[in-house]
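Student: I am new to this structure and should be grateful for a close look at a single part of it. Could you take me through one pocket, and then through the helices around it?

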Amino acid sequence: MKIGKRVKIAAVVVVCVLFDIVLHLVTSAYSTMPENPNYSMVAELLGAEVTIILWALLSFSGAAYVYCRIRNVIPGEGVRKGVRYGSAIALIWLFAMLEGVSLFGNPIMNEFVVGLSDAIPVFLMAVLLSLLSAGNGENAAVKPFPLRQKMMAVSIFSGVFFIGRYAAYVTGAIQSGYQTGPVYTFFWTLLMGACIGAVCILLGNTGDTLSLERRAAKFGFLIFGVNWATFLLFMPLLFSGYLIDVLSRIIIDTLLVTIGYYLTFGPGIGLK
């Protein structure tokens, strides 16, 4: 990649991070920040505001990096690639925020508004990045999944994520609200799995020639894993006491998504 192209990508990331910060300031009435936070060493050293900005740069840079790595195989042409990718990452980040309702007891409206304040800028970033490479011949052929295959993909991802997450909840491998908020936790876990299935459909390319194992790893560890990890790192970067839980969550969820992809497109399923 030429230096000029990298500079443009960096500029897009910075602009969208600034937009993200502005949205959070505008929606500060819906903030989910605790009243008496126990800040991490990083936040104590740099200050909460600087730490939040660094996290935003990390998460948006991670999303941009993944887009640049996979744009050639995202279905569609030009800006349609950005719309697909932006919609996928916006969904993941928004649903990640909504888990805070059961984890921390925050109002669902607050989590939704704060989640949108991140989802909208990352969607915009993906669209802007797609405009930088529009018309360069990087167009993957689109062969839409039939309705039956879409339903199968969503069902498998939902099932795998649900079973794996509840195993983690019950064993205490990760913090959860399945005891204090069992109904919400049940539906969030189910819908988060369905969301990941929808992301798979949005970004899936039937023309990808990689082996099933490599495609599963690519989706689980790169597309989902990088975006999931950089987003969840907000908590341990800003607050103390969350590092082990968040790292466990990242590892467990990434493995579950990789397994879900393999089962969805594996032998005998018929979604190749």
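Tutor: In this predicted model, the lining of the largest pocket divides by class into 21 nonpolar, 10 polar and 7 charged residues. The lining comprises 38 residues, and T32, M33, V114, F234 and F239 are the ones that lie nearest the centre of the pocket. The space inside the largest pocket amounts to about 1000 Å³.

Several helices contribute to this lining. At least two residues each come from α1 (3–26), α3, α4, α5 (100–104), α6 (108–132), α9 (212–232), α10 (234–238) and α11 (243–265). The largest share belongs to α3, which supplies 5 residues.

Let us therefore turn to the packing of α3. Helix α3 spans residues 48–70 and packs against helix α4, residues 79–98, at an angle of about 140 degrees, the two axes being 11 Å apart. An angle of this kind makes α3 oblique to α4, because only values over 145 degrees count as roughly antiparallel. The crossing in which α3 passes α4 is right-handed. On the side of α3, the residues that meet α4 are S59, F60, A63, V66, Y67 and I70, and their partners in α4 are K81, G82, Y85 and W93. By class, this contact of α3 with α4 holds 7 nonpolar, 2 polar and 1 charged residues.

Helix α4 also packs against helix α8, which covers residues 182–203; here the angle is about 170 degrees and the axes lie 9 Å apart. The angle therefore makes α4 roughly antiparallel to α8. From α4, the contact draws on R84, Y85, S87, A88, L91, I92, F95, A96 and L98, while α8 brings Y184, W188, L191, M192, C195, V199, I201, L202 and L203. The residues of the contact of α4 with α8 are 16 nonpolar, 1 polar and 1 charged. Y85 of α4 appears in this contact and also in the contact with α3.

Two further helices of the lining, α9 and α11, pack at an angle of about 150 degrees, with 8 Å between their axes. That angle makes α9 roughly antiparallel to α11. In passing α11, α9 forms a right-handed crossing. Their contact contains 16 nonpolar, 4 polar and 4 charged residues.

To return to the pocket: α3, α4, α9 and α11 are among the helices that each supply at least two residues of its lining.

How values were computed. Residues numbered from 1 in each chain as written. Predicted model: local features only at pLDDT ≥ 70, side-chain atom pairs only at ≥ 80, totals over all residues. Heavy atoms only, no water. Axes fitted to C-alpha atoms, helices over the stretch in contact; angles between N-to-C directions. Helix = DSSP H or I, 4+ residues; strand = E, 2+ residues; numbered from the N terminus. Parallel < 35°, antiparallel > 145°, perpendicular 65-115°, else oblique. Left-handed = near helix turned anticlockwise from the far one by under 90°. Contact = heavy atoms within 4.5 Å. Nonpolar A, V, L, I, M, F, W, Y, C, P; charged D, E, K, R; others polar. 1 Å grid on protein atoms, 1.4 Å probe; cavity = no way out; pocket = protein on both sides within 12 Å on 5 of 7 lines; lining within 4 Å. Points joined across faces, edges and corners; volume = space filled by probe spheres on them.
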